[in-house]
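Biologist: I have a bench-side view of this one and would like to understand the terms. Could you take me through the reasoning behind each label?

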There are 2 protein chains.
Amino acid sequence: MTGTNPVLTSAGYLLLKAGTQFHGVIDEALGAEDLTGRQFLVLTFVGGEDQLSQLELSRRLNLDPTIIVGLLDELGDRGLVNRVRDPADRRRHLLELTAAGRRAQHRAAKAVAIAERGFLAPLGASDRKQLRRFLLEVMQSRLPWLGDA
Amino acid sequence: MTGTNPVLTSAGYLLLKAGTQFHGVIDEALGAEDLTGRQFLVLTFVGGEDQLSQLELSRRLNLDPTIIVGLLDELGDRGLVNRVRDPADRRRHLLELTAAGRRAQHRAAKAVAIAERGFLAPLGASDRKQLRRFLLEVMQSRLPWLGDA
DNA sequence: TATTGTTATACTCTATAACTATA
DNA sequence: TATAGTTATAGAGTATAACAATA
């Protein structure tokens, strides 16, 4: 197709489309665990190193704090996440995974990894690694909690 | 940060975040042209090689046909796009850019290219090119109208 | 007086269904 | 009878503002 506008083969446009399409792929892959991509990220962040408050979680997910409430309500009802009052500052809720939450996160992470493999299948293993390095390079300054992973 | 979950440094997660963040960057860059990213893509597709109907446009943008209506109404009111009845099938509207529409698309494309440069600034020129090749490889089968650009 | 989390409300966006005109 | 485009409506998702409890 000779006349395709350069915009439509630019890295930026392809990045946008890859992002949205991969989002769909993820949500589908997580359907078996009855999780959305967003819920999976909540589990992942809550299960991470630093014990997060709701406000800190909202910043990492780039979501309004009011949205976090409903997310945690549901994951709490399903017995995957607990809210614990911070004894040092009783306004804050510290978040932690239950044992079931940890198991669900692990299963979901496997499903996501497989989906990612499938999505990137047109690339060979070393190209996939290099793509990851490029993206890490680009995003490092924009995702401060990555540190220098 | 030693304990960062591998999910958060995976190609897939970084792809998602890069996509959403770049979306924000684009919308901001296009603010000067008073266009959203979506409107810019409409102009770009309509200005492209094949003369599209609204239905075909909705497929390329992956948007419901009912959403296209409002988009074209506004871009039409602003004198950037025209709807022309297809003489061969009078149910269809063929879309075309006005002269002003073509100028707006060109200006916007420049702004977007600059924004993309900024977004990918952590990468050198040859890494940017390679990133684009990787993304093209991955997305080629998912964006059929790219052909083998 | 400021901050964390919560609730209620309003707004935006999208999906669904029904309609017109063409085929 | 099916399709392209349109309109109206309802639903989902989000942002805004106000509130209770802590600091």
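Modeller: Gladly, and let's begin with DNA strand C. This is a predicted model, and in it 15 residues surround DNA strand C, with Gln54(A), Leu55(A), Arg83(A), Arg38(B) and Arg90(B) the closest.

Biologist: What makes a residue count as near a strand?

Modeller: One of its heavy atoms has to lie within 4 Å of the strand. Gln54(A) meets that, with a polar side-chain atom 2.6 Å from a phosphate oxygen of DNA strand C.

Biologist: Why is the pair between Gln54(A) and the phosphate oxygen called a polar contact?

Modeller: The label needs a pair of N or O atoms within 3.5 Å, so a pair at 2.6 Å qualifies. Backbone atoms join in as well: a polar one of His93(A) is 2.9 Å from a phosphate oxygen of DNA strand C, and a polar one of Arg90(B) is likewise 2.9 Å from a phosphate oxygen of that strand. Helix H3 (54–61) and helix H4 (65–77) of chain A are the elements that give two or more residues to this surface.

Biologist: How do you know which part of DNA strand C faces the protein, sugar and phosphate or bases?

Modeller: By sorting the strand's atoms within 4 Å of the protein: 75% belong to sugar or phosphate, and the rest to bases. On the protein side, the surface has two nonpolar, five polar and eight charged residues.

Biologist: And which residues come nearest to DNA strand D?

Modeller: Of the 16 residues around DNA strand D, those are Arg38(A), Arg90(A), Gln54(B), Leu55(B) and Arg83(B). Sugar and phosphate again supply 75% of the strand's atoms that come within 4 Å of the protein. A polar backbone atom of Arg90(A) is 2.8 Å from a phosphate oxygen of DNA strand D, and one of His93(B) is 3.0 Å from a phosphate oxygen.

Biologist: What makes the contact of Arg91(B) one with a base?

Modeller: The partner atom does: an N or O atom in the side chain of Arg91(B) is 3.0 Å from a base oxygen of DNA strand D. With a limit of 3.5 Å, that pair is a polar contact too.

Biologist: Now the two chains. Why is their relation that of a two-fold axis?

Modeller: Chain B can be laid on chain A by a turn of 180 degrees, with a shift of 0.0 Å along the axis and an RMSD of 0.0 Å. That is the relation of a two-fold axis. In chain B, Gly19(B) has the C-alpha nearest the axis, 2.4 Å from it.

Biologist: How do you know that the copies meet through the same surface?

Modeller: Because 100% of the interface residues of chain B are also interface residues in chain A, the copies meet through the same surface.

Biologist: What makes up the lining of the largest pocket?

Modeller: Its residues divide into 21 nonpolar, 17 polar and nine charged. The pocket has a volume of about 1200 Å³, and its 47 lining residues include Gly19(A), Thr20(A), Leu16(B), Gly19(B) and Thr20(B), which lie nearest its centre.

Biologist: And which element gives the most to the lining of the second largest pocket?

Modeller: That pocket has a volume of about 350 Å³. Of the 17 residues that line it, Ala113(A), Glu116(A), Arg117(A), Ser10(B) and Ala11(B) are the closest to its centre. H5(A) gives the most to the lining, with seven residues.

Technical notes:
Residues numbered from 1 in each chain as written. Chains lettered and ligands numbered in written order. Predicted model: local features only at pLDDT ≥ 70, side-chain atom pairs only at ≥ 80, totals over all residues. Heavy atoms only, no water. Polar contact = N/O pair within 3.5 Å; in protein donor to acceptor, adjacent residues only side chain to side chain. Helix = DSSP H or I, 4+ residues; strand = E, 2+ residues; numbered from the N terminus. Nonpolar A, V, L, I, M, F, W, Y, C, P; charged D, E, K, R; others polar. Least-squares fit on C-alpha atoms with pLDDT ≥ 70 in both. Contact = heavy atoms within 4.5 Å. 1 Å grid on protein atoms, 1.4 Å probe; cavity = no way out; pocket = protein on both sides within 12 Å on 5 of 7 lines; lining within 4 Å. Points joined across faces, edges and corners; volume = space filled by probe spheres on them.
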